[in-house]
Amino acid sequence: MFNIEFSGEFAAFFVFSAIMISGAVLMISLDKVVHMVVSMAAAFLGLAGMFVLLEAEFVAFVQVLIYAGAVSILMIFGIMMTKHQQGEREPVKPLHETLAAVGTLCLFGLLFYAIRSTAFPEPQPFQAAEDNTMAIGQLLYTGYVIPFELLSVLLTVAFIGAIVLAKKEAD
Amino acid sequence: MPPWLNESLTWGNALVLFLWAVVFLFIVLGFVTYAIYFERKVIGWMQQRVGPNRVGPLGLFQTVADIFKLLIKEDTIPSKADRLLFIIAPALAYIPAFSVLAVLPYTQNLYFADLNVGLLYYVALSGISTLGIVLGGWASNNKYALLGGMRSAAQMISYEVPLVISVVGVILLSGSLNLRDIVAAQDGGWFWNWNFLPQIIGFVVFVIAAVSELNRTPFDLPEAESELVAGYHVEYSGFRFAFFMLSEYVYVYAIAALTTVLFLGGWHAPVPFLDFVPGIVWFLLKFAFIVFFLFWIRATFPRIRVDQLMGLGWKVLLPVSLLNIFLTAAYLELFIKR
């Protein structure tokens with residue numbers, strides 16, 4: 001079942017998954033909102049590391065730039081601006097929690113079994129593009145130019161909408 | 001460096017690379033020590049003062065003594081502070097500052113990493129430092145620190161946008177995000193082949209945005225002494241405070257090297273008949289000039305007001321840098337068909 005060869009790549013994969021999973025778990029279980037954002041940033045960084053392992057450097061560093069950098073800072077910024085009292089913890093419901101734990105374990109078992117028992121096609125030796133940043137750019141402006149432009153329009157609409165909404169609040 | 005980078009990673013190679021990183025760390029620490037000394041000296045001279053001259057000959061050991069003082073100081077953590085974040089914030093500010101240095105090429109053969117998205121790597125990681133600063137300000141649980149942290153976040157986010165957009169022109173001209181290729185694309189023999197003349201708009205925007213990213217005068221609002229005591233690091237002392245200062249000066253190093261690489265032709269000589277001088281000398285000369293330029297600005301400019309700061313970033317620098325991209329693209333399309 002565990003036919004894994006121990007290489008540097010595997011070690012890095014393990015470290016990044018540990019960062020991502022612990023970041024995600026802490027994000028849900030911590031009490032203070034700022035701590036949550038920090039652990040979420042850790043999960044984003046782990047994800048960026050995964051992209052590096054997959055030889056997608058461009059996506060990896062855009063991930064760091066946009067998510068770990070800009071989004072996290074904006075969230076912290078928003079949180080600091082607002083007053084937040086530490087909410088009291090919800091009362092413990094033993095039956096509910098036990099059922100949730102059993103359900104989660106079952107789901108995990110199911111997924112794990114399904115993944116391990118699937119016969120994946122023999123992976124072709126992966127040949128990354130010589131310069132995958134350039135490859136992404138060329139694809140974006142040739143084959144995918146219309147989806148790309150539509151996305152830009154969508155973002156502009158969202159942007160203008162946000163300004164209009166904020167203006168209405170201010171008046 | 002290059003032969004080691006392309007070999008497979010064995011324990012021996014890992015050790016060699018690690019030792020190189022340690023050597024480099026000490027070089028950077030040496031730079032920071034004497035950058036602080038020269039900053040104080042140069043600003044002193046410009047303001048008709050003497051500058052530090054007590055410790056050692058010509059005051060050369062002043063910074064060493066200051067650092068020693070910082071390290072033996074009592075390390076205080078305010079009791080109301082968020083302990084965990086207070087401790088990790090300086091590390092979070094410093095680690096990206098040192099990591100971005102990895103992609104900077106010094107000469108044809110002296111570089112530490114050959115990354116095809118080098119420029120993006122630099123920009124992405126330097127954003128993480130802001131996170132450290134904001135968290136440091138928030139975790140101190142002090143209103144001045146919080147204000148400093150907030151200002152810093154607002155400023156660094158607003159100026160990162162024009163900074164990134166202003167270098168797009170350089171990327172268009174050289175057709176690569178790899179910093180080594182960017183330098184190689186500026187090789188024409190003469191200094192007008194360097195990017196700072198063809199990309200003069202981008203260069204000006206880049207320098208202004210870079211000074212602002214560094215939180216230095218005239219954009220030093222996050223740590224404006226007269227308004228905020230010291231800004232985000234007001235509650236920090238000793239070792240942790242030293243880390244914040246250190247990351248600030250490591251970014252001075254990084255920005256000076258990046259400007260040299262992007263706009264001043266890296267290791268290329270300004271005129272062809274000076275080619276016999278080794279590239280590292282040219283690199284260091286340009287680098288030293290940028291560092292001096294930063295000190296010079298600091299000695300001569302007053303601080304900008306906080307409302308003008310945001311206006312300058314979003315209403316002036318951003319449109320100008322967008323215009324620069326448009327002009328560069330139009331030029332490449334009309335005159336240099338590829």
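**Figure 1. Annotated transmembrane regions of chain B in the predicted model.** For chain B, an unreviewed UniProt entry lists the annotation "transmembrane region" at residues 12-37, 84-107, 119-140, 161-179, 191-211, 250-270, 276-297 and 309-332. The coordinates shown here and in the following figures belong to a predicted model.

**Figure 2. Two of the annotated spans of chain B, residues 250-270 and residues 309-332.** Residues 309-332 of chain B are 100% helix and 0% strand, and the C-alpha atoms at the two ends of this span are 33 Å apart. Residues 250-270 of chain B are 67% helix, likewise with 0% strand. The end C-alpha atoms of residues 250-270 are separated by 27 Å.

**Figure 3. Helical architecture and overall dimensions of chain B.** Chain B contains 13 helices and zero strands, and its pattern along the sequence reads α-α-α-α-α-α-α-α-α-α-α-α-α. The C-alpha trace of chain B extends over about 65 × 50 × 45 Å along its principal axes. The radius of gyration of chain B is 21 Å, which agrees with the value near 20 Å that a compact globule of 338 residues would have.

**Figure 4. Burial and contacts within chain B.** Of the 338 residues of chain B, 45% count as buried. When contacts in chain B between residues at least 6 apart in sequence are considered, 78% of them join residues at least 24 apart.

**Figure 5. Annotated transmembrane regions of chain A.** The UniProt annotation "transmembrane region", again from an unreviewed entry, covers residues 6-26, 33-54, 60-82, 94-115 and 144-166 of chain A. Among them, residues 60-82 of chain A are 96% helix and 0% strand, with 32 Å between the end C-alpha atoms. Residues 144-166 of chain A are also 96% helix and 0% strand; the C-alpha atoms at the ends of this span lie 33 Å apart.

**Figure 6. Interface between chain A and chain B.** In this view, 19 residues of chain A are in contact with 22 residues of chain B. On the side of chain A that touches chain B, the elements giving two or more residues are helix H2 (33-53) and helix H3 (57-81) of chain A. Of the elements on this side, H3(A) gives the most, with 13 residues. By class, the side of chain A that touches chain B comprises 13 nonpolar, four polar and two charged residues.

Key. Residues numbered from 1 in each chain as written. Chains lettered and ligands numbered in written order. Predicted model: local features only at pLDDT ≥ 70, side-chain atom pairs only at ≥ 80, totals over all residues. Contact = placed C-beta atoms within 7 Å. Helix = DSSP H or I, 4+ residues; strand = E, 2+ residues; numbered from the N terminus. Nonpolar A, V, L, I, M, F, W, Y, C, P; charged D, E, K, R; others polar. UniProt positions renumbered as here; feature names shortened; annotations may be inferred. Rg over C-alpha atoms; globule rule 2.2 N^0.38 Å. Buried ≥ 20, exposed ≤ 12 C-beta atoms within 10 Å, placed from the backbone.
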